[in-house]
Amino acid sequence: MKTADLFRTKHGYFSPDGTEYIITTPETPRPWINVISNGDYGVTVSQTGSGYSWRTHAQLNRITRWEQDLVRDEWGKYIYIRDEQARVWSAGWKPVCGKPDRYECRHGIGYTVIDSRSRGIETELLIFVPNDEPVELWQLKVRNTGRTLRKLRLFTYLEWGLGATPDWHREFHKSFIETEYDAGSRAVFATKRLWEVPGDRGHWNTDWPYVAFHSSSRRPVAFDTDKESFLGMYGSLRMPAAVKKGILRKRSGNRLDPIGSLAVDLALGGGEESVLTFTVGAADSRSQSEEIIRKYRSAEAVETAFQDVRRRWRSLLGTLEVSTPDRAMDIMTNVWLKYQAISGRLWARTAYYQTGGAYGFRDQLQDSQVFLPIDPEQTRRQLQLHARHQFRDGSVYHWWHPMSEVGLRNNISDNLLWLPFVLVNYLRETADFGVLQSEEPFLDDNTPSPLYDHAARAIDLSLGRSSARGLPLIGQGDWNDGLSAVGLEMKGESIWLGHFLYGILKDFAGVAERKGDAARAALYREKADRLRIVLNTEGWDGEWYFRATKDSGEKIGSRENAEGQIFLNAQTWAVINGVADPERAEQVMNAVERRLLFKAGPVLLHPGYRKTDKYIGYLTRYAAGMRENGGVYTHAATWAIAAESVLRRGKVAFEMYSRLNPVLRGMHPDEYCVEPYVTAGNIEGPDSAFYGRGGWTWYTGSAAWLFRVGVEHILGVRPSFDGLTIDPCIPPHWKEFSVRRLFRGAVYHIVVRNPHGVQTGVASIVLDGQPHDGRCRDGTRLLPVFQSGSEHRVEVVMGKDVKFS
Ligand code: GLC
């Protein structure tokens, strides 16, 4: 295989260093998108050139209109090209859908490029968002590949949204939008005199507080902001009336169905190239928008901003790098999982399948774990943000909207526990115990309270929500949102939640101890011991743990059930957290392998429900094999990899990892359909007519988790309070791999050799040239903490497993 052909299919391939995915046809089986964001402003862009823009919140503050139609994929911001013979095509494939002589869409880290050639004209459209400004830049290079002079007129097109989406009542909302063209700025401006987010009087009688703009670096010959005159009444995007005629009507004001369109002329001699830039943005004020427009009229400023974006991403992605015998794992770990988690999940929180924009209490906390080896300060901020979205009694919002701060409080039982869970992981990474004293208010009480207290309240509230026999109550669901009706009467129990809580109790007892809170440490240990016993007696189903009980006491996820007999999470977390003793751990993971593991990874439950059940929840309403109803739910599937590695089953752990790995799944594009460079939220399970098909890409906490389990469980480089643990669990045929990782400011260059073909076990470590014998309490090998700024070489030889032989 040529390197340039990395993981090539009929739709595309990875660049040699894995940092770009090059799509070679506009007609992929589903839209294959990029989610580009600077943490405030962002855009999605698909390989057809479609997509949308937002600022801060993709749902409450959509800048350009878009409708969720993944078949047509035809809402976007477009550039039409019209030549001297009145032939029309577009820089992206949509909306004209011509037959370009060449078409390539390269999704990169923080940018997308669409290269295309039609009728002797080459265009290269680079789309990106500068690091610190609320604007997107479209740098367009146009080249005349022929010998004779070509005269082109370009028309841009977008529809202003300016507020909440979906804007199902356009006729109402368009009345409040006002547009204006300013020749001096070479720009169209749009404002809106109404916003759905309440203003200072707590009422939505308020202005949309931004100024939207769309400008061109080259002086436009005309503009239009009226959809009717641009498309023509009953017209279409494919061939708008204005483009057909080659004339824009220069209409602006209010009472229009507001769009933004600029026309610019280009005359290109043979072989000549011209570079121009269009902007779209939403600034805080007119003057800020004018400033941004002026700045990016300069081609150098655009270039500098692009290099800054690349530099920032390089530094974010560069703090942890692996090199393994598996290129597919390297590409995902080094590049795309981090990018997906940061750009897609933490900064943008939006993509084609779920346009969101809100913060999920459990979701973004889990996602923020990706920052631990990159910039743990970001994880800390996330913890603090979520602590501020907790009530004094320990309960939390299920999700909340930034901007409006509207949130949903419900009885889903696990949300609050992710706060202590991620806090403990943050402490393992940083040993920054000072964070426990950092103070945040509650939603219903402004008195600042230490993070330690926030976390303890979450645990205490969970402990209080327990059934008579000592199992946690599931309420309106736990991690599995789809178990939405199991415990509506607050009687049903969750075994998974018990496993999860058990681990948190044990870990947090350790934190309490370090903090000198011996009473709490003792209490949590005692509760944990008790819970473990109850889970293993009351929660045991004979061959595996059942999943939950309904309010009626009936079991779910039990061999007694015809459907949904065994659930994945109730097994994996028993192993990860050590609820199951070693023998039982083997037994339940054997059951997972036998009953849940299919070609695309372990499914969430099996068999899928074919009958709906109002006492279980909406997961039974999905078709069997889909999403939470028996699909591979990537987020949860990653935990099976962790569990297998706890059992030292390196071969199976890696096999599961590979089955989930989108790079490899993507080698069957007709079956898998979705992007090969980001994780799918779910892959259809064996009960589905579309077995193997991916869905909901860019979604769920799967990226951060796949990243974590890959590095920490398979490669076995794991942070702990006392240092960096080295505990690989790999397929036996791997001869060598390396990990370069930043840990508490020091760089560790770790090379692991496996001369005897084992799956696990460390025979020897040489640290900076000296034999090293550090060990954790459980016997796993430990590297010491070094001074920040230092660099260290670590040579590990795998062999007879000291701990587990
Ligand atoms: C979705 C939710 C996540 C939940 C999962 C399982 O991904 O965003 O919070 O845990 O579904 O139901």
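The exercises below, each with a worked solution, concern one predicted model.

Residues are numbered from 1 along each chain as its sequence is written, and side-chain values use heavy atoms, with hydrogens and water left out. In this predicted model, local features need pLDDT of at least 70 and side-chain atom pairs count only at pLDDT 80 or more, while totals for chains, interfaces and linings use all residues.

**Exercise 1. Describe how helix α6 and helix α19 pack.**

Step 1: Locate the two helices, which are DSSP runs of H or I with at least four residues, numbered from the N terminus; α6 covers residues 327-348 and α19 covers residues 702-714.

Step 2: Read the geometry, in which the axes are lines fitted to C-alpha atoms over the stretch in contact and angles run from 0 to 180 degrees between N-to-C directions. The angle is about 140 degrees, and the axes are 8 Å apart.

Step 3: List the residues that meet, with contact taken as heavy atoms within 4.5 Å. M329, T333, L337, K338, Q340 and A341 belong to α6, and their partners in α19 are S702, A703, A704, L706, F707, G710, V711 and I714.

Step 4: Sort the residues of this contact into nine nonpolar, four polar and one charged, where Ala, Val, Leu, Ile, Met, Phe, Trp, Tyr, Cys and Pro count as nonpolar, Asp, Glu, Lys and Arg as charged, and the others, Gly among them, as polar.

**Exercise 2. Find the residues around the ligand and give the distances for D363, W479 and Y699.**

Step 1: Collect each residue with a heavy atom within 4 Å of the ligand, which gives R362, D363, W479, N480, D481, E628, Y633, Y699 and T700.

Step 2: Look for polar contacts with the ligand, meaning pairs of N or O atoms within 3.5 Å. A ligand oxygen atom lies 2.5 Å from an N or O atom in the side chain of D363, and an oxygen atom of the ligand is 2.6 Å from a polar backbone atom of W479. For Y699, an N or O atom of the side chain is 3.5 Å from an oxygen atom of the ligand.

**Exercise 3. Which peptide bond before P166, and which before P607, is cis?**

Step 1: For P166, the cis bond comes from T165, with omega near 0 degrees, and P166 sits in the loop between β13 (150-163) and α1 (170-173); strands such as β13 are DSSP runs of E with at least two residues.

Step 2: For P607, the cis bond joins this residue to H606, with omega about -15 degrees, and P607 is in the loop between β32 (605-606) and β33 (632-633).

Methods:
Polar contact = N/O pair within 3.5 Å; in protein donor to acceptor, adjacent residues only side chain to side chain.
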